[in-house]
Amino acid sequence: MAADGPERRGPVIVELHVLSGRPDPRWPLDPGAAAALRALLATLARADAKPPPAPGLGYRGFTVTDSEAVRHVFNGLVTVGDVALADPGRTVERRLLGTLPPEFEHLGPVVAAALDG
């Protein structure tokens, strides 16, 4: 039986929800970043909180899609379907922000301000 390595899991695609009236930026994670993200997600505990409604404008979180799930990451919560995981330090959001490709770097300060605000 083959190992369940990153090559078997397929690509991890990140979408940053921050733009209005234009397509939101999307990019694939390299295998190392995908593995680090999966390891981080595995450390999160289940939360009782429900995700807050996203604002209509500005930073509205990330969507992370891979062969296992579609996760929404916003405001210290990672949601998969009806399940919410607590990320009070917003480490997942900061990690995803750190993978922002150079062509979208101009959006980094907007997201960083929202994370620190």
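This is a short tutorial dialogue on reading a predicted model of one protein chain.

User: Where do I start? How many helices and strands are in the chain?

Analyst: Start with the inventory. The chain has 4 helices and 7 strands. Then read their order. From the N terminus on, it goes α-β-β-α-β-β-β-β-β-α-α.

User: How compact is the chain for a globular protein of its length?

Analyst: Compare its radius of gyration with a rule for globules. The chain has a radius of gyration of 14 Å, and the globule rule gives 13 Å for 117 residues. The two values are close, so the chain is as compact as a globular protein of that length. For the outline, take the C-alpha trace, which spans about 45 × 35 × 20 Å along its principal axes.

User: What share of the residues is buried?

Analyst: Of the 117 residues in the chain, 43% are buried. Now turn to the surface. About 6,600 Å² is exposed, and carbon and sulfur atoms supply 58% of that area.

User: How do I read strand pairing? Which way do strand 1 and strand 2 run?

Analyst: Look at the bridges between two strands, then at their direction. Strand 1 (residues 13-16) and strand 2 run antiparallel, joined by 3 bridges. One example is Val14, whose bridge partner in strand 2 is Trp27.

User: How many bridges pair strand 1 with strand 4?

Analyst: There are 4 bridges, and strand 1 and strand 4 (residues 62-65) also pair in the antiparallel sense. Here Glu15 has Thr63 in strand 4 as its bridge partner.

User: Is Glu15 buried or exposed?

Analyst: Check its relative accessibility against the cut-off. Buried means under 20%. Glu15 is at 19%, so it counts as buried. Now see what surrounds it. Leaving out residues up to four places away in sequence, Glu15 touches Asp24, Pro25, Arg26, Gly61, Phe62 and Thr63.

User: What describes a pair of aromatic rings?

Analyst: Two values do: the distance of the centres and the angle of the planes. This structure holds 3 aromatic pairs. Take Trp27 and Phe104: their centres are 6.3 Å apart, their planes are at 40°, and the pair is tilted.

User: Where in the chain do Trp27 and Phe104 sit?

Analyst: Trp27 is in strand 2 (residues 26-28), while Phe104 is in the loop between helix 3 (91-97) and helix 4 (108-116). They are 77 residues apart, and the pair links distant parts of the chain. Both Trp27 and Phe104 are buried.

User: Why is the pair of Tyr59 and Phe62 called edge-to-face?

Analyst: Planes over 60 degrees apart count as edge-to-face. The planes of Tyr59 and Phe62 are at 65°, with the ring centres 5.9 Å apart, so the pair is edge-to-face. Tyr59 is at 6% relative accessibility, so it counts as buried. Phe62 is at 0%, so it counts as buried too. Tyr59 and Phe62 also join Phe74 in one aromatic cluster.

User: What do nonpolar side chains tend to do in soluble globular proteins?

Analyst: They tend to be buried together. Here, the largest nonpolar core has 28 residues, and Leu16, Phe62 and Val92 touch the most other members. Helix 2 (31-42) is among the elements that give two or more residues to this core. Its share of 5 residues is the largest.

User: Which residues is Val92 in contact with?

Analyst: Set aside its neighbours within four places in sequence. Val92 is then in contact with Leu37, Leu40, Leu41, Leu44, Val73, Val78 and Asp87. For the chain as a whole, take contacts between residues at least 6 apart in sequence. Of these, 56% join residues at least 24 apart.

User: Which way does phi of Asn75 point, positive or negative?

Analyst: Read the sign, then the residue type. Phi of Asn75 is positive, near 55°, and Asn75 is not a glycine. Asn75 lies in the loop between strand 5 and strand 6 (77-80). Its relative accessibility is 41%, so it counts as partly exposed.

User: And what is the phi of Arg90?

Analyst: It is about 55°, a positive value in a residue that is not a glycine. Arg90 sits in the loop between strand 7 (83-86) and helix 3. With a relative accessible area of 12%, Arg90 is buried.

Technical notes: Residues numbered from 1 in each chain as written. Predicted model: local features only at pLDDT ≥ 70, side-chain atom pairs only at ≥ 80, totals over all residues. Heavy atoms only, no water. Phe/Tyr/Trp six-rings, centres within 6.5 Å; stacked < 30°, edge-to-face > 60°. Buried < 20%, exposed > 50% of the residue type's maximum accessible area, 1.4 Å probe, protein only. Pairing = 2+ DSSP bridges. Core = buried A, V, L, I, M, F, W, Y, C linked by side-chain atoms within 4.5 Å. Contact = heavy atoms within 4.5 Å. Rg over C-alpha atoms; globule rule 2.2 N^0.38 Å. Areas by Shrake-Rupley, 256 points an atom, 1.4 Å probe, with all protein chains shown as cover.
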